Amino acid sequence: MGKHGGGSLIPRLGYVPKDSFVHGLDPMAKLIALVCCVLLVVIYGGLGFLVFVFILILALFIASGIGLSLIYRKLRFILTFGLLIFLSYLVFVQTGEVLTSIKPLEFLGLGWSFSITKDGFLGGLEIALRFLVIISASMLFVATTDPTKLAHGLMRSGLPYRYGFMLIVTLRFIPVFDMEASTVQHAQKARGLDIDKKGIWRIFKLAKYTFVPLLASAMARVDSLTRSMEGRGFGASRKRTYFKQVKVRGRDWVLILGTVGITFLLLFLKSQYTTLLHLVLSQL
Amino acid sequence: MIIFNSFSYTYPGSSSPALHNIDLSLDKADFAVITGPSGCGKSTLAHCLCSFLKEGKHTGKIFLDDKDIMNIEPFKLAEKIGLVQQDPDAQLCTLTVEDELAFGLENLCYPVKEIQKRLDWALSVVRGQYLRYRDTLTLSGGEKQKVAIASILAIKPEVIILDEPTASLDPKSTAQVREALEGLRERTETTVLILEHRISGFLDMANKLVVMQEGEVALEGNPQEVMAKRQVLEEIGVLLPKREGKKRREEKKTEGKLLAVKDLRCRVGDKEVIKGISFAIKKGEIAALMGDNGSGKTTLALHILNLLKPSYGRITFLGQDIKSRKTSELAKSIGLVFQNPCHQLFEETVIDEILFAPRNFGMEKVEVRAERWAGYFRLIALLNRPPHSLSHGQKRRLNLASILVYGPKLAILDEVFIGQDMGNMMHIMEVLEKETKKGLAVFLIAHDPNLVSRFCDRVLFLKDGRLAVDAPTEEAFKELERIGEHAYLPRGWENTGVGH
């Protein structure tokens with residue numbers, strides 16, 4: 001605890017502050033684009049489309065100055081998971097054109113075999129890609145969006161401000177609690193608690209000795225904070241004004257209209273195509 | 001403008017009133033200081049004024065401009081009364097200074113143009129324009145308090161209450177808060193109410209001083225008049241009694257090197273906080289460690305217990321290098337009391353808390369000793385209470401008892417006097433002085449120069465990662481004056497000290 005990569009004092013939930021085009025986009029515009037992207041991935045799909053979107057996302061990661069090393073580090077787990085989905089498709093989808101047959105247990109003298117089919121291969125690839133695209137798109141959003149600005153954006157768009165401020169206050173106090181946690185550990189050792197000793201009972205005790213002081217300090221802080229916020233009229237009325245003006249610029253509108261337009265278009269085409277397909281099928 | 005009319009208040013579940021028959025009136029633009037020993041009711045008074053205490057029972061009335069305060073909802077009061085609290089960290093709720101200043105006005109639905117205007121104005125009144133575009137996390141304690149004051153001032157309330165606004169601040173940050181208050185006094189008509197233990201820094205600004213004792217107003221009036229009643233103030237515990245004569249504790253022998261630090265360098269993250277310091281602490285000595293917040297005092301303390309590893313240099317305790325020693329074992333000889341009392345209270349009862357360390361060390365039959373230490377620190381009646389339910393002052397004394405009970409040879413005390421009244425401070429120092437006669441060395445991290453000049457044998461001053469001063473107390477203050485650290489000189493020093 002108490003260690004952040006690069007000694008940064010402000011860990012903002014995966015937000016990587018940079019001065020880039022992607023960072024500069026309006027948070028709400030980006031959120032709308034993300035929702036569109038997820039919709040299309042889930043409903044529209046298609047291997048070609050998915051590969052295209054995935055490459056686009058990777059390009060945006062590079063364009064935002066964050067680079068691919070961060071996603072590689074964070075994506076390792078996701079990649080493994082995607083691979084597992086892919087493999088399970090290979091094993092369990094046995095319909096369609098057979099590409100090759102494998103007897104994996106032959107060396108044990110078991111003749112059980114399964115086929116790798118075209119359906120299984122392509123289906124697995126598509127599901128794994130969908131998964132990857134959704135996760136990496138969300139990561140791009142989180143890494144390039146200042147959560148305070150997002151909270152403000154959401155509140156302006158109608159989210160009750162109490163909820164928006166829950167996010168802001170959390171962000172404000174994460175570093176504080178982080179520092180407190182390491183102080184508590186120091187205090188334990190300074191009073192002779194040997195935290196290296198093993199055993200279930202000791203782990204339980206240690207957890208107690210960590211959470212009790214942290215909780216007590218948090219409660220005191222919450223009291224002060226409530227007084228400070230209510231004392232400045234928080235909760236006095238349902239509405240509130242926002243001092244910081246948000247400029248939704250041309251490029252934000254392009255992003256919103258572009259993604260929403262493409263989504264409608266593709267979903268429309270898809271529904272037409274499906275009706276057409278039904279029509280053809282019913283004729284046969 | 002504010003009138004307390006035989007006002008009494010009793011907390012829920014308590015049998016005796018926390019405030020008893022308060023009659024007090026404050027006018028527009030009054031600058032009042034309210035003081036009194038811990039538990040005298042200052043904070044209760046402030047919270048009643050802000051109408052935070054609704055659960056308890058009250059009799060009598062508080063009027064604000066002829067309206068009964070107890071009938072007004074807290075947030076409706078926001079435009080009339082603002083409260084600045086002690087903990088600078090716990091009252092800022094946003095991530096940037098601008099957001100913080102705008103917070104109240106936004107909640108009260110002010111138009112953007114007006115917010116902009118008030119923001120400029122409030123920052124200029126507290127003399128904090130340079131803070132405008134900063135992140136709240138990067139502010140020092142004093143700057144945080146400045147922002148907290150400005151964020152309330154922006155609402156333009158009629159009254160601003162400050163509850164021990166400088167208790168946890170170093171002298172430089174305290175000066176920043178004073179600066180903000182000077183601005184308030186000169187440029188606004190706001191009624192200011194300061195609740196403080198250490199009143200000397202505010203008296204020249206105040207036109208009213210109220211001394212409270214056991215829930216009642218004991219003295220009230222013009223600061224000069226009230227301060228003239230020195231003996232009464234000493235009895236109540238608002239002032240430290242004068243030291244008899246100038247003699248230091250000559251009879252005490254400080255000998256034998258206990259702790260030696262040699263060319264220590266420490267990093268925190270990427271920054272070198274301590275850049276090569278050497279000093280030693282002898283048996284029976286009370287040494288003070290002073291310096292601005294963030295100068296590395298706490299970091300140094302953590303290194304002495306091997307909680308942090310130095311990047312260079314050596315620390316020896318009784319001639320042994322501590323490098324390879326475990327903290328949990330080293331702790332038996334070196335006790336450390338941390339800054340925040342909450343962070344070091346682990347057990348469910350006070351007596352278990354005192355026994356926490358001795359049990360960890362496997363010491364036997366310490367119960368009698370534990371009770372004796374509870375007695376020294378006036379905790380005997382509280383032995384079965386949960387530690388977190390104690391008052392701040394009681395928690396601090398419990399922290400001390402929990403360290404001294406196992407008889408360490410060196411006690412490092414990080415800001416143990418924050419929020420203590422004079423009576424408790426004197427009492428704690430008496431206990432410590434008695435122990436030093438038996439050989440205990442005390443390394444006291446402290447901000448208050450008056451306290452240091454009164455009780456410490458030696459002063460070490462950390463500045464920019466180096467020891468700027470390491471000398472016996474009198475000499476040390478002369479040295480501090482020479483290097484321009486006037487904020488760290490005790491009261492009256494510049495009149496009696498050499499040159500100016």
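Two strands count as paired if DSSP finds at least two bridges between them. Keep that rule in mind as we walk through this predicted model, starting with its sheets.

## A first sheet in chain B

In chain B, four strands form an open, antiparallel sheet whose order is β2-β1-β4-β5. The edges are held by β2 (19–26) and β5 (67–68) of chain B; each has a single partner strand, so one side of each is left without a neighbour in the sheet. Helix α1 (residues 42–49) of chain B packs on this sheet, where it touches β1, β2 and β4 (57–64) of chain B. The direction of α1(B) makes about 65° with that of β2(B).

Let us look at one pairing in detail. Strand β1 (residues 2–10) of chain B joins β2(B) in the antiparallel sense over five bridges. Across this pairing, Phe7(B) stands opposite Ile22(B) in β2(B). As background, strands of a sheet pair through backbone hydrogen bonds, either parallel or antiparallel.

## A second sheet in chain B

Another open sheet of four strands in chain B has the order β12-β11-β14-β15, and its pairing is antiparallel. Which strands stand at the edges here? They are β12 (271–282) and β15 (320–321) of chain B, each with a single partner strand, so one side of each has no neighbour in the sheet. Two bridges link β14(B) and β15(B) in the antiparallel sense, and Phe317(B) has Gln320(B) in β15(B) as its bridge partner. Helix α9(B) lies across β11 (257–268), β12 and β14 of chain B, running at about 120° to β11(B).

## Two residues with a positive phi

Most residues other than glycine have a negative phi. Chain B offers two residues to compare with that rule. Asp65(B) has a positive phi of about 50° although it is not a glycine, and Asn306(B), also not a glycine, has a positive phi near 60°.

| Residue | Phi | Loop (chain B) |
|---|---|---|
| Asp65(B) | about 50° | between β4 and β5 |
| Asn306(B) | near 60° | between α9 (297–304) and β14 (312–317) |

Are these residues buried or exposed? Asp65(B) is exposed, because 11 other C-beta atoms lie within 10 Å and the cut-off for exposed is 12 or fewer. Asn306(B) counts as buried, because it has 23 C-beta neighbours inside 10 Å and buried begins at 20 or more.

## The nonpolar cores

The largest nonpolar core has 168 residues, of which Leu153(B), Ile161(B), Ala288(B), Ala401(B) and Leu444(B) touch the most other members. Apart from it lies another core, of 21 residues, among them Val41(A), Val53(A), Ile71(A) and Leu132(A).

Ile161(B) is a good residue to find in the structure. It sits in strand β7 (residues 159–163) of chain B and counts as buried, because it has 26 C-beta neighbours inside 10 Å. Leaving aside neighbours within four places in sequence, Ile161(B) is in contact with Ala46(B), Leu49(B), Cys50(B), Ile81(B), Leu83(B) and Leu193(B). Its C-alpha atom and that of Ala301(B) are separated by 35 Å, and the two residues are 140 residues apart along the chain. With the same neighbours in sequence left aside, Leu153(B) is in contact with Ala122(B), Val125(B), Val126(B), Ile160(B) and Leu184(B).

## Chain A and its contact with chain B

Now to chain A. In helix α6 (residues 147–156) of chain A, the buried residues are Thr148(A), Leu150(A), Ala151(A), His152(A) and Gly153(A). They pack against α2 (27–44) and α7 (161–190) of chain A. After α6(A) comes Gly158(A), with a positive phi near 120°.

How many of the five residues of strand β1 (residues 98–102) of chain A are buried? The number is zero, so this strand lies largely in the open. Four bridges pair β1(A) with strand β2 (residues 114–117) of chain A in the antiparallel sense, and Ile102(A) has Phe114(A) in β2(A) as its bridge partner.

Where the two chains meet, 47 residues come from chain A and 53 residues from chain B. On the side of chain A that touches chain B, α7 and α8 (200–230) of chain A each supply at least two residues. By class, that side has 22 nonpolar, 14 polar and 11 charged residues.

## Confidence

The model scores ipTM 0.86 and pTM 0.82. Chain B averages a pLDDT of 89, and 95% of its residues score at least 70. Where pLDDT is low, the predicted coordinates should not be read in detail.

How values were computed
Residues are numbered from 1 along each chain as its sequence is written. Chains are lettered from A and ligands numbered from 1 in the order in which they are written. This is a predicted model: local features need pLDDT of at least 70, side-chain atom pairs count only at pLDDT 80 or more; totals for chains, interfaces and linings use all residues. Two residues are in contact if their C-beta atoms, placed from the backbone, lie within 7 Å. Axes are lines fitted to C-alpha atoms, for helices over the stretch in contact, and angles run from 0 to 180 degrees between N-to-C directions. Ala, Val, Leu, Ile, Met, Phe, Trp, Tyr, Cys and Pro count as nonpolar, Asp, Glu, Lys and Arg as charged, and the others, Gly among them, as polar. A nonpolar core is a set of buried Ala, Val, Leu, Ile, Met, Phe, Trp, Tyr and Cys residues joined through C-beta atoms within 7 Å. pLDDT is the predictor's confidence in each residue, from 0 to 100.
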